[in-house]
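Here are a few short exercises to work through with the model open beside you. Try each task before you read its solution.

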Amino acid sequence: MTPTLRILLILCALAYTAYTIRKMRASTVEIGDMLFWIVFSAFLILISIFPEIMSWLSEKIGIQAPVNAVFLLVIGLLSISVFRLQSSFRHSI
Amino acid sequence: MNHDLLVIIPAYNEAGNIEKTVLNLQAQYPCCDYVVVNDGSEDKTAEICARNGFHMIDMPVNVGLAHAVKAGMIYAYESGYAFALQFDADGQHDARYIGSLYHAVRTGECDIAIGSRFASTAAPFTARMLGSRILSLLLFLVCGQWIKDPTSGMRLFNRRVMRAYAQYPNINPEPDTIGFLISCGIKVAEKQVEMHDREAGKSMFNVFSSLDYMARTAFSLGFVQWFRKKDIEI
């Protein structure tokens, strides 16, 4: 990962965390739903500070550029989130 | 409205228990009103309540325990009840102990009285208790009060707390809300009660959902509570 991408990731992750915490503070979101997003932003911060994690992982699973492994993981996590949202929605209808 | 206490009985798929629970309640503690909140049960819970003429709020869909209790709280608040009690439909809670909870809140000793299994008797050491202990510790760190039975669902509230339940999101029938309310200046006391094993049907918890519940509650107590605004008007 390039330094630019790392800095961008850190900034976005921090801004994102600050935003979720502000929402939690004002209690405008359900606390239970926030666990996923807090873990998600913690994960973003972690991999932007220690990109070696992603380099190691991408080498293990045969992805050439670590940044693609980052994208893959983020897409994967988001799909899980969408799935959970949809299944709880269906359940309540 | 014949009394100043409303017993709220949230029920999800409790066809095997609901009749006995309500009849027991009426027999053991007649000086209260009650309402069953049928939370979109797929079994015959609603049918049984209707056949017996039980008072019931029939939710059109399954909204979950928190919102079922909330519906009961809104009903209690708007009907002008002075006190509301959350009471399990599965026969775990014993109506004989309502009196002591009622007395504690009525006399102004506290705003919330929790029916506690371990207020004066020692807790056994099991995996479930370990979870409960962890929550107690987190609660203590958040609000400075030891609650010996944080997961007890038998809680009696006064009108002030009822209004908070009716009005605010994230005020749920969960341990983290107890911690939050204590931080907001609400007085909480525990009274010794006995609880029984559920008689029929199945619990909302299994191993996986218990762990999920623990993670969420620990996250809420250990992380979210530090950021929550404590100056809401209760």
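**Exercise 1. Salt bridges across the chain**

Find the partner of B:Asp4 in a salt bridge, and say which parts of the chain the pair links.

Solution. B:Asp4 pairs with B:Arg106, their closest N and O atoms being 3.0 Å apart; a salt bridge here is a side-chain nitrogen of Lys or Arg within 4 Å of a carboxyl oxygen of Asp or Glu. B:Asp4 sits in the segment before β1 (5–11) of chain B and B:Arg106 in helix α4 (residues 98–106), 102 residues apart. Helices (H or I, at least four residues) and strands (E, at least two) are DSSP runs, numbered from the N terminus.

A word on the model: it is predicted, so local features need pLDDT of at least 70 and side-chain atom pairs count only at pLDDT 80 or more, while totals for chains, interfaces and linings use all residues. Residues are numbered from 1 along each chain as its sequence is written, chains are lettered from A and ligands numbered from 1 in the order in which they are written, and side-chain values use heavy atoms, leaving out hydrogens and water.

**Exercise 2. Buried or exposed?**

Decide whether B:Asp149, which forms a salt bridge with B:Arg117, is buried or exposed.

Solution. Start with the distance: the closest N and O atoms of B:Arg117 and B:Asp149 are 2.8 Å apart. Next, place the two residues: B:Arg117 is in the loop between β5 and α5 of chain B, and B:Asp149 is in the loop between α5 and β6 (155–158), 32 residues apart. Finally, B:Asp149 has 0% relative accessibility, so it counts as buried. The classes are buried under 20% relative accessible area, exposed over 50% and partly exposed in between (1.4 Å probe, protein chains only).

**Exercise 3. Helix α8 of chain B**

Check the span of α8(B), then list its buried residues and name some of what covers them.

Solution. The expected span is 1.5 Å times one less than the number of residues. For the 16 residues of α8(B) that gives 22 Å, and the end C-alpha atoms are 22 Å apart, which agrees. The buried residues are B:Ser209, B:Tyr213, B:Met214, B:Thr217, B:Phe219, B:Ser220 and B:Leu221. Their cover includes α2 (31–49) of chain A, along with α5 (127–143) and α7 (175–183) of chain B, where contact means heavy atoms within 4.5 Å.

**Exercise 4. Cysteines**

How many disulfides does the structure hold?

Solution. There are 0 over all chains, a disulfide being a pair of cysteine sulfur atoms within 2.5 Å. Take B:Cys143: the nearest cysteine sulfur, that of B:Cys184, is 11 Å away.
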